[in-house]
Every structure is written in C-alpha cells, then in structure tokens.
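Colleague: I would like a close look at a single part of this model. Please start with one local contact and work outward from there.

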Amino acid sequence: MGLGFVALFGVWLLYNLFDNPTDFFNIFLIGLTQGSVYALVPLGYTLVYGILQLINFAHGDVFALTGLFASTLITSVFKLDETSAALTIVGGLLATFLIAMVFGALVNATIELVAYRRLRSAPRLAVLITAVGMSFIVQNISLAIFGVNFRSVPSLVSDGNVFSIGGVHYNWQSFFVILVTFPVLVLLTWLVKSTRQGKAMRATSQDPEASAMMGINVNRTISFTFLLAGALAGVGAVLFLVEFNIRYDTGFELGLIAFTAAVLGGIGNLSGAVLGSIIIGMIQAFNEGPFLWAPGSDWTRSIVFGILIAILVFRPEGLLGERTPEGG
C-alpha cells in the first residue's frame, strides 16, 4: 500500500514536470530551501534520542524562544535594516547567530538539568509526560515575554536572483539558507564522527553503563549533547526568521514537522534527519504549488502527519534507520 502511494505521487510529479516545467523547478527550489531550514531542527531531536532514547518535545519551543530572542537582537540591539551598511549587516548577523546559538544551548541544557536528569531511571511514560510539560512551559514563557504577535525582521539579505534560467529563479535570500545550513551539517557530522567528544557521544548512546566504566563522564556527555542540540536550534531559528516570521507557538507546529522528518529519515540517524527534512519540505512545497490536483495549504498538516502515521505503521525504523528489536 505504501509503495502504491509512492508510485502515484511519482506519476503525479512526472505529469506536472512535463506539463509546467518552469513552475515545477521553481517549486522544487522552494522545497529545497524549506527542507534546509527544517533540517537543523530534527537534528536536535535525533541527537537527544540517540543518547537518551528520549523525544525532547520541548525542542521546538526552544527553537521558537530562540527565534524571538534573535528578532529582538536584530531589530532592537543591533538595529539592522535594509539601509544598514553591508559590513554592518554581515557583522550583526554573525553576532546574532553566535548569541542565538549560546542562548539556545543554555536553555536546552537547563531543561535537561532541571527536568530530565533526575528521571534517567524513571519509566519512559514519566519522561514523555515531562517532555510534553516542558514544551508548554517554554511556550508560555515565550508568550509572556514576547507577546502573541508574530515577529519578523527586515529583509537583510538581497532578494536579487542568484540565477535566472528560462523562468526558473532562485534569489539570494533563499540561497543564504543553503549557504549556512550545509556547512553546519558538515561540521556536525565531523564533530560526531571524528572528535573525542563525538566518540563519547556514540559510546554513551550504545551503552551508558559500559561507557562510564571506561572512564567517560556520561552526565557531561549528555549535557554536551543538549548544548549542541540547542545551538542547532539557535542557528535554525535565525535562518527561519530571515526567511519567514515567528511567534510563541511556531515551535509547536514546526517541532511536530521536524519530529516527522526525523522519524521519516530514521530517528537517531543524522543523515536520515536531513533526508527526511528535505522530503518534508518538498512535499509541503509541491502540495501548496499551482499544480493539477494539488490539495493546497489547508491539507499540509494532514498530509505531513499522515506520512508520520504511515511510516510508524509500515517502516518504523525510517528510510535510513536500522531495524531493532523494538522496531525503531
């Protein structure tokens, strides 16, 4: 059944490719950009799940809180707008990225210290309920501090075209997302696979007790993982803010989309999280594009969560995940 739906979707894509190739490739680039923005959020889920087997549902709300904090930095602290000098914009954005990474990392590590550390040996249901509770707490903190309205920032990156070929356009603002996201992904992969701390993370993920016996500080490794996940949320929040707008509850919906992407790619698999994000971004873009039989934006959430249910039913380990005795 799942293969049948995939085949129908492939036929639909081919039809629209030949029917209107210009719109098809423009929407493809939009989907690539959206997927690149999403990619940094499910990586946070994946890192934490890989260490603790925990879905940190507060992660999306940390993302939103960091994005709102970054909007204040850009508009009120650095006072950046379209009239600012190029070097001022570059310096201000770089400082915003760094400060947002530190802020997101500290918030995420604080959540781990306050809410999760004492529950390491508790039943999984208790930890799950705590994660949901922390999600609402962080969301309400965002609401209390920043209010109910959406926050946005001036267009700091040029909206001129990187290229324009046969009616297919791609502007610098969207390309900026790619320019930031992929170096971050490469750096993260190197950190996890090649550094001493990354090896400690992978060892702790496989067997915390054996890791502790071999001299690895498990508590410090877990805290570092939460710091890293929060820093990724900070980068993603600034990119989301540059491309879209954000408010206190943005993280809840985006967190569910990111969780779906992580499950789709294979929860616990870094490459799978990126692949799942790109696929979700593409599905969202093509669903909302001007194509024949496209359901439209009203159906985006239903389609995304329908994919989540289908993956959990037909392939719970995800596209790149490995089957385990628990099935995930």
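At the start of α11, which backbone nitrogen does a side-chain oxygen of Asn 269 reach, and to within what distance?

Modeller: The model is a predicted one. The contact at the start of α11 runs from a side-chain oxygen of Asn 269 to the backbone nitrogen of Ser 271, and the two atoms come to within 3.0 Å. The helix that begins there has 18 residues. From the first C-alpha of α11 to the last the span is 26 Å, close to the 26 Å expected at 1.5 Å a residue. As for cover, 15 of the 18 residues of α11 are buried, so the helix is mostly covered, given that buried means under 20% relative accessible area.

One of the residues of α11 is Phe 286, which takes part in an aromatic pair. The count of aromatic pairs in the structure comes to twelve. In one of them, the ring centres of Phe 24 and Phe 286 are 5.0 Å apart and the planes stand at 45°. That pair is classed as tilted because an angle under 30 degrees would count as stacked and one over 60 as edge-to-face. Phe 24 belongs to helix α2 (residues 21-52) and Phe 286 to helix α11 (residues 270-287), so the pair ties together parts that lie 262 residues apart in sequence. Phe 24 and Phe 286 are buried.

Helix α2 also supplies a ring to another pair. Tyr 45 and Phe 259 have ring centres 6.2 Å apart and planes at 55°, so this pair is tilted as well. Tyr 45 sits in helix α2 and Phe 259 in helix α10 (residues 250-265), which makes this a link between distant parts of the chain, 214 residues apart. Both residues, Tyr 45 and Phe 259, are buried. Elsewhere, ring pairs join Phe 163, Tyr 170, Trp 172 and Phe 175 into a cluster.

Next come the charged side chains. Side chains of opposite charge can pair when their charged atoms come close. Searching the whole structure gives three salt bridges. One of them joins Asp 249 and Arg 247, with an N to O distance of 2.7 Å. Asp 249 is partly exposed at 24% relative accessibility, and Arg 247 is partly exposed at 22%. Another joins Glu 112 to Arg 117, where the closest N and O atoms are 3.2 Å apart. Here Glu 112 is buried, with a relative accessible area of 1%, whereas Arg 117 counts as partly exposed at 28%. Glu 317 and Arg 315 form a salt bridge too, with their closest N and O atoms 3.3 Å apart. Glu 317 is buried at 5% relative accessible area, while Arg 315 is partly exposed at 34%.

A polar contact of another kind involves Thr 195, which lies in the loop between α6 (172-194) and α7 (196-206). A polar atom of the Thr 195 side chain is 2.4 Å from the backbone oxygen of Leu 191. Thr 195 has a relative accessible area of 14%, so it counts as buried.

On the surface, Leu 125, Leu 128, Ile 129, Val 132 and Phe 136 make up a nonpolar patch with about 460 Å² of accessible area together. Leu 125 is in helix α5 (residues 124-146). With a relative accessible area of 57%, Leu 125 is exposed.

Two loop residues remain. Lys 79, in the loop between α3 (59-77) and α4 (86-116), has a positive phi of about 55° although it is not a glycine. Its relative accessible area is 57%, so Lys 79 is exposed. Ser 152 is in the loop between α5 and β1 (161-165), and at 48% relative accessibility Ser 152 counts as partly exposed. The C-alpha of Ser 152 is separated by 35 Å from that of Trp 12, and the two residues are 140 residues apart along the chain.

To return to the part you asked about: the start of α11 has the contact from Asn 269 to Ser 271, and Phe 286 in the same helix is paired with Phe 24 of α2.

How values were computed. Residues numbered from 1 in each chain as written. Predicted model: local features only at pLDDT ≥ 70, side-chain atom pairs only at ≥ 80, totals over all residues. Heavy atoms only, no water. Helix = DSSP H or I, 4+ residues; strand = E, 2+ residues; numbered from the N terminus. Buried < 20%, exposed > 50% of the residue type's maximum accessible area, 1.4 Å probe, protein only. Polar contact = N/O pair within 3.5 Å; in protein donor to acceptor, adjacent residues only side chain to side chain. Phe/Tyr/Trp six-rings, centres within 6.5 Å; stacked < 30°, edge-to-face > 60°. Patch = residues over 30% accessible without salt bridge, like charges linked within 9 Å, V, L, I, M, F, W, Y side chains within 5 Å. Areas by Shrake-Rupley, 256 points an atom, 1.4 Å probe, with all protein chains shown as cover. Salt bridge = Lys/Arg side-chain N within 4 Å of Asp/Glu carboxyl O. Expected span 1.5 Å × (residues − 1).
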